[in-house]
Amino acid sequence: MKRSILFIAVFITFFISSNLFAWKREGARSSEASLKKISSDSNLENIVIGLVDIDKRISSLSGEEKKFLIGYSQFRNRQWIEADKFFNDLVVRLPLIADHIIYYRLVVANELQKYGESLSLSDELLSAYPDSVWVFDAGMEKAKSLMNLGRFSESRALFSEYIRRANADDAFEAKKFVVYCMMKEGRGAEVVDFLKDLILNSGSEEKLNELEVLISEVKSKFHIDLNKWISDPFQEYILTRSFISRSQWDEASKRLENVISHKDASKSLITQAK
């Protein structure tokens, strides 16, 4: 039953998001064109069969299980207040998926800035369900709660633990929070060194731009201009290598052009850049 409920929740959310809303928007432009598009859709038969199957499954669910499905759909669509209403009293009533519900609730609490509540829910999940699939992600959410409650040292320790096990993109997000915690703790030298490393290993212009707020805060608080530092040809060359490691070829090419044309670039560096 646990896997069945979760499967239905995922299917409904995906279907609504990717099909019905798209058809509704299309129909607003032209009902006739929309009907033609739907009727010619090669996947229509499979979609209808899937909906019939889902309808059969839903009809066998209890009221609480249906509430969970609606809450999950709201959660996936970032409708935090609405999701919270549906999840609020389901843990006791749906014990087979209690860990999932607790995790969704603690995320919602963080998003609604109820950090104390989120922290309590994180502790409940970690202690009562140590084998849950959400334990790892709950650690990240707990670190966010602690950070927003001003408990920066504890938060930074949890973020660091998360980083050791996370994939590259998730680790990058956690490292940004580490920088923020360090700044709040007044750890000037460590902040600068940590942020420099994050810049040089950002891997893309998009990720680099995400660091701009932290770079500005470091300049304001510690009077160190990291944008000027990264414009040094050697540092920009190191940055470019991180772009190449992520297959960001166009971005890397533009950065290498900067290195080659820089008046302070050494001959050996220019040779490497070429």
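The following exercises, each with a worked solution, concern confidence, burial and salt bridges in a predicted model.

Residues are numbered from 1 along each chain as its sequence is written. Local features require pLDDT of at least 70 and side-chain atom pairs pLDDT 80 or more, while totals for chains, interfaces and linings use all residues; side-chain values use heavy atoms, with hydrogens and water left out.

**Exercise 1.** State the mean pLDDT of the protein, and determine in which helices confidence is lowest and highest.

*Solution.* Step 1: pLDDT is the predictor's confidence in each residue, from 0 to 100. The protein has a mean of 83, and 78% of its residues reach 70 or more.
Step 2: Helices are DSSP runs (H or I, at least four residues), numbered from the N terminus. Confidence is lowest in helix H2 (residues 31-39), with a mean of 42, and highest in helix H9 (residues 135-148), at 97.
Step 3: The pLDDT is below 50 over residues 10-40, and this stretch has 28 contacts (heavy atoms within 4.5 Å) in the model beyond near neighbours in sequence.

**Exercise 2.** Classify Asp84 as buried or exposed, and list its contacts beyond four places in sequence.

*Solution.* Step 1: Asp84 belongs to helix H5 (residues 80-87).
Step 2: Buried means under 20% relative accessible area, exposed over 50%, and partly exposed in between (1.4 Å probe, protein chains only). Asp84 has 15% relative accessibility and therefore counts as buried.
Step 3: With neighbours within four places in sequence left aside, Asp84 is in contact with Val108, Leu112 and Lys114.

**Exercise 3.** Give the number of salt bridges, and describe the one between Asp169 and Arg246.

*Solution.* Step 1: A salt bridge is a side-chain nitrogen of Lys or Arg within 4 Å of a carboxyl oxygen of Asp or Glu. This rule yields 18 salt bridges.
Step 2: Asp169 and Arg246 form one through their side chains, at 3.5 Å from N to O. Asp169 lies in helix H11 (residues 168-185) and Arg246 in the loop between helix H16 (233-245) and helix H17 (249-261), so the pair ties together parts that are 77 residues apart in sequence.
Step 3: Asp169 is partly exposed at 38% relative accessible area, and Arg246 is partly exposed at 35%.

**Exercise 4.** Assign exposure classes to the partners Lys263 and Asp264, and identify a network of salt bridges.

*Solution.* Step 1: The side chains of Lys263 and Asp264 form a salt bridge at 3.3 Å, N to O.
Step 2: Both Lys263 and Asp264 are exposed.
Step 3: Arg156, Glu185, Arg187 and Glu190 are joined into one network by salt bridges that share partners.

Conventions. Helices (H or I, at least four residues) and strands (E, at least two) are DSSP runs, numbered from the N terminus.
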